[in-house]
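Me: I'd like to go through this model with you before I start working on it. Please keep to what the coordinates show.

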Amino acid sequence: MDYGVISVSLIPCTQNCKYQNEGLCTLAQAQPAAVQAVPNEACLNFTPRPSNQHGDGLADIAHPDQV
């Protein structure tokens, strides 16, 4: 029986990274050396979000005073 990979880690992330989605890191495992990661002070596997993938992955929620 194949259960697949289930991620149980909840790593908060606010980077503009291709693996950031809704405020969490979705990277399932460390990247191979051939991948173009650009490590920074917050993440060793930071990979810039492609220019065609806009936003930060966080939901757009209006401030109550602006509704």
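**Fold and contacts**

Me: Of the contacts in the protein chain with a separation of 6 or more, how many are between residues 24 or more positions apart?

Reply: Such pairs, with 24 or more positions between them, account for 47% of the contacts in the protein chain with a separation of 6 or more, where contact means heavy atoms within 4.5 Å. Please keep in mind that this is a predicted model, in which local features need pLDDT of at least 70 and side-chain atom pairs count only at pLDDT 80 or more, while totals for chains, interfaces and linings use all residues. Residues are numbered from 1 along each chain as its sequence is written, and side-chain values use heavy atoms, with hydrogens and water left out.

Me: How many helices and strands does the protein chain have?

Reply: There are 0 helices and 2 strands in the protein chain, counting DSSP runs numbered from the N terminus, with H or I of at least four residues for a helix and E of at least two for a strand. Strand 1 covers residues 20–21, with Q20 in it, and strand 2 is 24–25, with A30 in the segment after it.

Me: And what share of the 67 residues is buried?

Reply: Buried residues come to 15% of the 67 in the protein chain; the word means under 20% relative accessible area, with exposed being over 50% and partly exposed in between (1.4 Å probe, protein chains only).

Me: Let's look at strand 1 then. Is Q20 buried or exposed?

Reply: Q20 is buried, its relative accessible area being 2%. A polar atom of the Q20 side chain lies 2.7 Å from the backbone nitrogen of G23, and a polar atom of that side chain is also 3.5 Å from the backbone oxygen of Q15.

Me: Where is G23, and what comes within reach of it?

Reply: G23 sits in the loop between strand 1 and strand 2, and it counts as buried because its relative accessible area is 17%. The C-alpha atoms of G23 and P12 are 5.8 Å from each other, although 11 residues separate the two along the chain.

Me: What about phi of E22?

Reply: Phi of E22 is near 55°, which is a positive value in a residue other than glycine. For background, most residues other than glycine have a negative phi. E22 is also placed in the loop between strand 1 and strand 2, and, unlike the buried G23, E22 is exposed at 62% relative accessibility.

Me: Changing topic to cysteines: how many disulfides does the structure hold?

Reply: The structure holds 0 disulfides, a disulfide being a pair of cysteine sulfur atoms within 2.5 Å.

Me: Why is C17 without a bond?

Reply: C17 has no such bond because the closest cysteine sulfur, in C13, is 5.9 Å from its own, which is too far. C43 is likewise in no disulfide, with the sulfur of C25 as its nearest cysteine sulfur at 5.9 Å. In terms of accessibility, C17 is buried at 5%, whereas C43 is partly exposed at 24%.

Me: Now T47, which residues does it touch?

Reply: Leaving aside residues up to four places away in sequence, T47 touches N16, C17, K18, Y19, Q31, Q36 and A37. T47 belongs to the segment after strand 2 and is buried, with 8% relative accessibility. Its C-alpha is 9.6 Å from that of Q20, with the two positions 27 residues apart in sequence.

Me: N16 is on that list, so what does the N16 side chain do with R49?

Reply: The side chains of N16 and R49 are joined by a polar contact of 2.8 Å, meaning a pair of N or O atoms within 3.5 Å; within protein, one must be able to donate a hydrogen and the other to accept it, and residues adjacent in sequence count only if both atoms are side-chain atoms. N16 lies in the segment before strand 1 and is partly exposed at 46% relative accessibility. The C-alpha atoms of N16 and P50 are 9.5 Å apart in space, and the two residues are 34 apart in sequence.

Me: Last one: is A30 buried or exposed?

Reply: A30 is exposed, at a relative accessible area of 59%. The C-alpha atoms of A30 and N45, which are 15 residues apart along the chain, are separated by 7.2 Å.
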